[in-house]
Structures are given as structure tokens and as C-alpha cells.
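Subject: Structure handover

Hello,

Here is the structure we talked about handing over. Please have a look at it first; my notes follow below.

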Amino acid sequence: MKPFKATAVSPANIAFIKYWGRKKGTLDEEVIPANSSISMNIDNCYTKTTVEFSPEYEEDEVWIKFFGKSYEKVSGSPLNRVLGQVNHFRELNNCALKVKIMSENSFPSDAGIAASASGFSALTLALVGAFEMKLSLKELSILTRLAGSGSACRSVIDGFAEWRKGHDSGSCYAVQLAPPEWWNLADLVTVVKNEKKEFSSLHGHALAHSSPFFNRRQHLLKKRIPLVRKAIKKRDFLALGELIEEEATEMHLIAMSSHPPIFYWNKGTLEVIHFLKEIRKDNLFVFFTIDAGPNVHIICQEKDMDKIDLEVKKLKNVLFTIKNKPCAGARLIEKHLF
Ligand code: DP6
């Protein structure tokens with residue numbers, strides 16, 4: 001019997017327009033966002049995943065290896081999340097075989113970059129490959145979205161993507177805005193001391209509607225989303241920079257004003273933000289965006305990244321940085337992890 005085995009590699013992505021809150025009245029498992037979002041794939045933060053279904057396996061097994069660590073067997077709710085997607089594919093393909101999954105992340109687990117976008121997009125494509133399913137990118141994006149980490153559906157697209165909120169599950173998927181080589185941007189992930197317990201994005205999405213500013217933000221996004229699209233299309237760095245800072249601050253404002261509130265920023269976050277404001281005075285144009293954690297994604301032009309990296313590493317609260325460029329989306333590869 002032919003083995004049902006495949007390996008995929010997929011990047012994390014950084015959101016320029018954030019997904020923060022689901023559409024009212026939709027079920028959690030539908031993963032329909034309140035607003036469309038826009039992102040860029042980042043090349044140095046990726047997950048590689050091999051899946052194999054075989055009659056030789058007596059139980060489902062999932063193993064994960066973070067950068068610099070050894071393989072750990074996954075259990076509890078992370079395992080259930082993975083098996084939720086596996087079961088979806090078993091149903092679609094009428095398969096009762098048990099699975100073994102091994103997954104490796106190229107970035108440290110304490111980098112505060114959600115491994116779920118790269119992880120769930122790599123898992124989904126590996127499952128598609130194992131069952132030799134012929135899918136359009138739209139179908140792949142929808143299946144990835146349904147894995148649970150909505151932002152993962154943007155990682156299957158090459159370069160710059162927009163996840164359109166659509167009006168139902170079939171119209172809610174990501175499309176390409178520009179290929180990776182379109183723009184020499186860089187994302188310098190700046191990892192700062194994390195003193196506060198983090199709340200998952202899942203928690204944040206659920207609480208977002210309790211912020212008194214949630215509806216106002218949705219209203220403002222109607223203008224901001226087309227402006228970000230336009231800035232990418234025109235490679236207008238200053239316009240993009242201003243828009244993404246405004247956007248990141250607003251997403252965090254929603255988190256901070258939810259009931260109960262979520263504060264992701266710490267003193268390191270503010271140290272980096274102030275540092276960026278200072279170096280802009282020297283006409284070095286750099287901007288920030290921040291996902292659901294304290295770490296700062298410094299968005300700059302590729303030519304400036306090394307210079308900024310040297311400076312930012314001197315800050316008291318900066319632990320380490322990861323240099324990233326825009327990249328392609330999820331891919332099947334020949335070399336398996338086992
Ligand atoms: C702040 O539900 O996709 O990163 O499970 O953490 O990947 P994870 O989150 P998901 O929410 C993403 C929230 C965000 C903004 C974004 O990427 O759009």
C-alpha cells in the first residue's frame with residue numbers, strides 16, 4: 001500500500017491589519033473574523049511538519065521540536081487542536097488510520113511569535129499532501145482557517161496577503177496582494193523581557209466585543225484597510241508605516257479596554273517604541289507593529305535592517321532579535337522529518 005505521507009513547510013506572518021475579534025453571531029469553530037486583515041509572511045520563522053497515516057500505528061502521536069530544544073510529545077488541549085484538524089481530513093478522505101506527526105519550528109518558543117499560524121498552515125498542507133488532494137488556493141486557505149488559528153489561512157499565500165472576511169465560510173479566505181519580491185521590506189522581531197503572563201489570542205477574540213471601542217474600530221477599519229492595500233500596491237513605506245502603528249495601537253487599545261482587560265505590553269515594549277521614535281529623528285524610517293504579546297515587530301526597509309538591529313540590541317530589555325524578509329507561503333517538500 002502506498003504510504004499516506006507528506007511534509008510541508010510554512011512561514012509565520014505578521015499582520016499589518018489585525019484580526020481581533022470574531023464576527024458577532026458566528027460560532028467559534030467557524031473562525032469568521034469581524035474584519036478583513038492584511039499580512040506579510042516572514043522567512044525566518046517557519047514550521048516544518050511531516051504527517052504519516054499507517055496501519056502500523058496503534059494510536060495518534062504528535063511530536064514537536066522548538067528551536068534549540070528536543071522533541072516533546074504533545075498532549076492535552078494542543079494535541080486535541082491538532083487532532084481536530086486531522087479528524088476533519090480523515091472524514092473528508094474516509095480514512096480510519098492512525099497518524100504520526102512530527103513538527104519542527106525554526107524559531108524559539110519564547111520569541112512570542114504565534115507558532116500557530118506557521119504550525120497550522122504546515123499541518124494542513126501536509127495533510128492535503130498525504131491524501132493527495134487537489135485543492136485550489138482558496139480551498140486550502142479555507143481548510144487552514146478551519147484548523148482554529150485564523151491567521152494561519154494567510155500563511156498559505158505567497159508574500160503579502162489579505163484575509164477577506166467574506167459573508168460566510170465559503171467566502172472567508174486569504175488572497176494575494178503582492179508576491180514576496182514585490183517589496184524589500186523587513187521585519188526585525190525584537191524579543192523583550194516578558195514579565196507578564198500572556199493571554200492567548202483565542203481569549204482576546206472572545207473578549208474583544210466587550211471593549212466600548214470595538215465598533216468604532218470596525219468603522220475606522222473601513223478606511224484603513226484600503227489605505228494599507230494601496231500603500232502595498234504603491235510601495236509607499238511612509239504611508240504603510242503610519243498606518244500599521246495606528247493599527248497595532250488600536251488593536252491593543254481594544255485588548256486593554258476589554259472586560260476583563262488584557263495588557264500585552266511591558267516596559268521592554270515601550271522601550272523599543274520610544275527608541276524607534278528617537279531614531280526617526282535621524283531620518284531613519286522604521287515603524288512598529290505588535291501582535292498578541294509584548295514583542296515588537298520592527299518593520300523597516302531591508303537596507304536598514306542590520307543597522308537598526310545593532311542599535312536595538314543595545315537596549316536594556318531586548319533579549320534577542322530575528323531578522324526576516326517577505327517570503328513564499330506554505331509548500332510541500334520532498335524531505336521528510338522521519
Ligand atoms: C494578534 O487566532 O489567528 O496575531 O492562534 O495566536 O495564531 P493565533 O491567533 P489567531 O489570531 C491572531 C491575532 C493577531 C493578529 C493577526 O495575526 O491578525
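The second largest pocket is lined by Arg22, Asp28, Glu29, Val31, Asn80, Arg81, Gly84, Gln85, Leu146, Ala147, Gly148 and Leu202. Keep in mind that this is a predicted model. The space in this pocket comes to about 210 Å³. Which helix gives the most to the lining? That is helix H1, residues 76-92, with four residues. By type, the lining splits evenly: four residues are nonpolar, four polar and four charged.

Now the sheet. Four strands make up an open sheet, and their order is E9-E10-E8-E11. The pairing is antiparallel. Strand E9 (287-289) sits at one edge and strand E11 (318-324) at the other, and each pairs on one side only. On average, neighbouring strands of the sheet are turned by 30° against each other, direction ignored.

Strands E8 and E10 deserve a separate look. E8 covers residues 185-192 and E10 covers residues 296-301. How many bridges join them? There are six, and the two strands run antiparallel. For one of the residues in E8, Leu185, the bridge partner in E10 is Gln301.

A helix also packs on this sheet: H8, residues 305-312. Helix H8 touches E8, E10 and E11. Its direction makes about 170° with that of E11.

When you open the model, I would begin with the pocket lining and then turn to the sheet.

Best wishes

Terms used. Residues numbered from 1 in each chain as written. Predicted model: local features only at pLDDT ≥ 70, side-chain atom pairs only at ≥ 80, totals over all residues. Heavy atoms only, no water. Pairing = 2+ DSSP bridges. Axes fitted to C-alpha atoms, helices over the stretch in contact; angles between N-to-C directions. Contact = heavy atoms within 4.5 Å. 1 Å grid on protein atoms, 1.4 Å probe; cavity = no way out; pocket = protein on both sides within 12 Å on 5 of 7 lines; lining within 4 Å. Points joined across faces, edges and corners; volume = space filled by probe spheres on them. Nonpolar A, V, L, I, M, F, W, Y, C, P; charged D, E, K, R; others polar.
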